[in-house]
Amino acid sequence: MKNEETNEQVVKSVAQAEQILEQEEALKKTPVEESSAAAQAPAGKGRRRGGERERKAPAKKASLTDSGLIEKVVSINRVSKTTKGGTRLAFSALVVVGDGKGKVGYGLGKAGEVATAIKKSLNAARKNMILINRRGTTITHEILGECGSASVLLKPASEGTGVIASGAVRAVCDGAGILIF
């Protein structure tokens, strides 16, 4: 049962939800990828024992858009809402956007498809940009950020030290122009 206006599907079981996700992934695969996979198979041998495995492409670091902003997708989560008619699946995306010169912002978007969720979060991140005070390629003073039980400590570093962080903190530092050597 598809709702024409919102492009969302009502799912009645977990198995049906997994089947829908598999169908979406199959639609995304292009014939060019299939022919290149066939070309990589060993000559004289058909399929490998255990079936063919898909090779994952290396993850994109950051993309530079036409406006000169650095965009990084931090996370994509599948979320669900249980309703009377079944389970509704959606995707939420967290994106960090920065210009590399001290302006950085983050955005969270949720939609029925991954691409739409990323687009919504990019728009939210562009609207939510703030200015970070920097001295050269580092920050000006020590900063302690806390949210719930999580805390992040940022300290100024000498030239050539680099950022010792991962995940969301590294994405924010990249967007703000705090360089990694």
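Helices (H or I, at least four residues) and strands (E, at least two) are DSSP runs, numbered from the N terminus. This is a predicted model, in which local features need pLDDT of at least 70 and side-chain atom pairs count only at pLDDT 80 or more, while totals for chains, interfaces and linings use all residues. Residues are numbered from 1 along each chain as its sequence is written, and side-chain values use heavy atoms, with hydrogens and water left out.

**Chain**

Four helices and 11 strands are assigned in the chain. Of its 181 residues, 22% are buried (buried means under 20% relative accessible area, exposed over 50%, partly exposed in between, with a 1.4 Å probe and protein chains only). The accessible surface is about 13,400 Å², and carbon and sulfur atoms hold 53% of that surface; the areas come from the Shrake-Rupley method with a 1.4 Å probe. Contact means heavy atoms within 4.5 Å. Of the contacts between residues at least 6 apart in sequence, 41% join residues at least 24 apart.

**Largest pocket**

A pocket is an open set of points on a 1 Å grid over the protein atoms alone, where a 1.4 Å probe fits, with protein on both sides within 12 Å along at least five of seven lines; lining residues have an atom within 4 Å of a point. The largest pocket has a volume of about 740 Å³, a volume being the space filled by probe spheres set on the points, which are joined across faces, edges and corners. Its lining numbers 27 residues, and Tyr106, Ile130, Ile132, Leu154 and Val172 lie nearest the centre. Two or more lining residues come from each of β5 (86-98), β6 (103-111), β10 (143-147), β11 (150-154) and α4 (168-176). Helix α4 gives the largest share, five residues. By class, the lining has 19 nonpolar, seven polar and one charged residues; Ala, Val, Leu, Ile, Met, Phe, Trp, Tyr, Cys and Pro count as nonpolar, Asp, Glu, Lys and Arg as charged, and the others, Gly among them, as polar.

**Helix α4 and its surroundings**

In α4, the buried residues are Ala171, Cys173, Gly175 and Ala176. Their cover includes β4 (70-83), β5, β6 and β8 (134-135). Just after the helix, Gly177 has a positive phi of about 95°.

Strand β8 contains Arg134. Apart from neighbours within four places in sequence, Arg134 is in contact with Gly100, Lys101, Gly102, Ile139, Thr140, Ala176, Gly177 and Ile178. The C-alpha atoms of Arg134 and Lys101 are 8.8 Å from each other, with their positions 33 residues apart along the chain.

**Three polar contacts**

A polar contact is a pair of N or O atoms within 3.5 Å; within protein, one must be able to donate a hydrogen and the other to accept it, and residues adjacent in sequence count only if both atoms are side-chain atoms.

| Side chain | Partner | Distance |
|---|---|---|
| Lys72 | Asp174 side chain | 2.6 Å |
| Thr138 | Ala157 backbone nitrogen | 3.1 Å |
| Arg134 | Lys101 backbone oxygen | 3.5 Å |

Lys72 belongs to strand β4 and is buried at 13% relative accessibility. Thr138 sits in strand β9 (residues 138-139) and is likewise buried, at a relative accessible area of 15%. Not counting residues up to four places away in sequence, Thr138 touches Lys155, Pro156 and Ala157. Arg134, by its relative accessible area of 29%, is partly exposed.
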